[in-house]
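This report walks through one protein model, from local backbone features to the overall fold. Please keep the sequence and the structure in view while reading.

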Amino acid sequence: MIYDIRHVTTYSYGSQVSFARCSLRLKPISEPGQSLLSHAIEIKPRPAARTARTDFFGTVTESIVIEAPHKVLRIDSRSRVEVTRQPPPRDSGSQPWEPVRDAALTSPSLGASSPVGYVFASPLVPILPAVTRYAAQSFPHGRGVLAGTAELMRRIRTEFRYDPKATVISTPLAEVFEKRHGVCQDFAHVMIAGLRGLGLPAAYVSGYLRTYPPEGQERLQGADATHAWVSVWCGNELGWIGFDPTNDLLVATDHIVLAVGRDFSDVSPVDGVIVGSRRQKLSVAVDVIPVA
C-alpha cells in the first residue's frame, strides 16, 4: 500500500514572536516493511537556518531557527510512503515469554534495535508495581510472548476509555493508570510500563493511521493526528512486532511509522522554544490518503 501523508502544524501566537528554535521529527523512517519514497517540509516564515541529523534511534531530526518576527508559524510536511508490513497472526505460536525476557538482557549489541535498550524505565515511563501486576495477569508461566502481549493489548483496549480531554502529555503515568482513560500516547505508555516491569523490551512508536478505512470497516481512533503504539521484541525468531492498544490491532499496512524511541519524549514531532509570546494556540491536521 502506498500513502500520501500531509501533516500540517500551525502555531498562532498572542503577540509577535521575535525568535523561534524548533526540532522537527516529521520524516517517516524506512525499515523492513516500510519504504520512504519522498519527503519535503515547507516552513513559513522561512527559517534563517536549517540543519538535519539522525539521532541514536534512527530518526531524522531537523533543527530550524526563525529570526523574522511572526505571529503564525506553519510547518507543512508531505511524504509518500510504501507499506508492505505483515504481522504474524495473534494466535500463532511463539517462544515462552520468560526465555525472551532472559535473552533481552544478554543481547550482545547496544545499537538502536537491541532489545536491552528498551527494558528499563525512561523519562515518561517509570516502572510501577501496580502496572507490572496488571500486565502479569496476561503472562502466566510458560505462555507465548505473542499471545500474552496480544491479550494485554486487548485488555487495555477494553478496560481503558479513549478520552482526548482527559490528559495532557505531562499527565503522570500513575494517574493515567488509576483513572483508566486517556489517548493513544497514554495507552502506549501504560502497555510499555507493564511489559518493561516484567523484563520484556517495549519501544514507543509515533506514526500515522490510514485516514480512510477500507469499505465496511469503522474509522480507527487516533486517525486525525499522529498516532502512537508499541513495538515489542518477541525474541530472535519474530523480532520486533507492533501492537496498537488503542485499537486492539497488530500493526500492519494501516500504520505508518514516523519515529521510534523509549517514550514520547524521544519522538515528539515538533518541539522548541520561542521568544516574545506567552499565549499560543496549536492546531495539527493530518491526512493519510491511500494512493495505490
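## A proline in a loop

Pro45 sits in the loop that links strand S3 (34-44) to strand S4 (49-54). The model is predicted. The peptide bond from Lys44 to Pro45 is cis, with omega near 0 degrees. In general, most peptide bonds are trans and most residues other than glycine have a negative phi.

Both residues of this cis bond turn up again in the surroundings of Leu73. Lys44 and Pro45 are among the contacts of Leu73.

## Positive phi values

Where does the backbone take a positive phi outside glycine? One such place is Arg180, with phi near 60 degrees. Arg180 lies in the loop between helix H4 (173-179) and strand S8 (181-182). Its relative accessible area is 27%, so Arg180 is partly exposed.

Asp248 also has a positive phi, near 55 degrees, and is not a glycine. Asp248 belongs to the loop between strand S11 (240-244) and strand S12 (249-250).

## Leu73 and Ile43

Leu73 is part of strand S6 (residues 70-83). Is Leu73 buried or exposed? Its relative accessibility is 0%, and buried means under 20%, so Leu73 counts as buried. Neighbours within four places in sequence aside, Leu73 is in contact with Thr9, Thr10, Tyr11, Tyr13, Cys22, Ile43, Lys44, Pro45 and Ile66. Ser206 is 133 residues away from Leu73 along the chain, and their C-alpha atoms are separated by 22 Å.

Ile43 is in strand S3. Ile43 is buried too, with a relative accessible area of 7%. Not counting residues up to four places away in sequence, Ile43 touches Leu24, Arg50, Ile64, Ile66, Leu73, Arg74 and Ile75. Ile66 is thus listed for Ile43 and also for Leu73. From Ile43 to Val8 the C-alpha distance is 9.9 Å, with their positions 35 residues apart in sequence.

## Two nonpolar cores

In soluble globular proteins, nonpolar side chains tend to be buried together. Here the largest nonpolar core has 43 residues. Which residues have the most contacts inside it? They are Leu152, Ile156, Val190, Met191, Leu195, Val230 and Phe243. Helix H5 (residues 184-197) gives this core its largest share, 8 residues. Apart from that core lies another, of 23 residues. Its members include Tyr3, Ile64, Leu73 and Val270.

Val230 shows the packing in the 43-residue core in detail. Residues within four places in sequence aside, the contacts of Val230 are Ala188, Met191, Ile192, Leu195, Ala202, Ala203, Val205, Ile241, Gly242, Phe243 and Pro245. Among these contacts, Met191, Leu195 and Phe243 are also named with the residues that have the most contacts inside the core.

## Loop positions with more exposure

Val168 lies in the loop between strand S7 (161-162) and H4. At 52% relative accessibility, Val168 counts as exposed. Val168 and Val270 are 102 residues apart in sequence, and 15 Å apart in space from C-alpha to C-alpha. Val270 belongs to the 23-residue core.

Gly111 is in the loop between helix H1 (97-105) and helix H2 (129-136). Gly111 is partly exposed, with a relative accessible area of 31%. The C-alpha atoms of Gly111 and Cys22 are 27 Å apart, and the two residues are 89 apart in sequence.

## The whole protein

The protein has 6 helices and 15 strands. Its radius of gyration is 19 Å, close to the 19 Å that the globule rule gives for 292 residues, so the protein is as compact as a globular protein of that length. The C-alpha atoms fill a box of roughly 60 × 45 × 40 Å along the principal axes. Of contacts between residues at least 6 apart in sequence, 75% join residues at least 24 apart.

Of the 292 residues, 51% are buried. The protein exposes about 13400 Å², and carbon and sulfur atoms supply 52% of that area. There are 31 positive and 28 negative charges, and their mean positions are 7 Å apart.

Notes
Residues are numbered from 1 along each chain as its sequence is written. This is a predicted model: local features need pLDDT of at least 70, side-chain atom pairs count only at pLDDT 80 or more; totals for chains, interfaces and linings use all residues. Side-chain values use heavy atoms; hydrogens and water are left out. Helices (H or I, at least four residues) and strands (E, at least two) are DSSP runs, numbered from the N terminus. The radius of gyration is taken over C-alpha atoms; the globule rule is 2.2 Å times the number of residues to the power 0.38. Buried means under 20% relative accessible area, exposed over 50%, partly exposed in between (1.4 Å probe, protein chains only). Contact means heavy atoms within 4.5 Å. Accessible areas come from the Shrake-Rupley method with a 1.4 Å probe; for residues, only the protein chains shown count as cover. Lys and Arg count as positive and Asp and Glu as negative; His and the chain ends are not counted. The place of a charge is taken as NZ of Lys, CZ of Arg, CG of Asp or CD of Glu. A nonpolar core is a set of buried Ala, Val, Leu, Ile, Met, Phe, Trp, Tyr and Cys residues joined through side-chain atoms within 4.5 Å.
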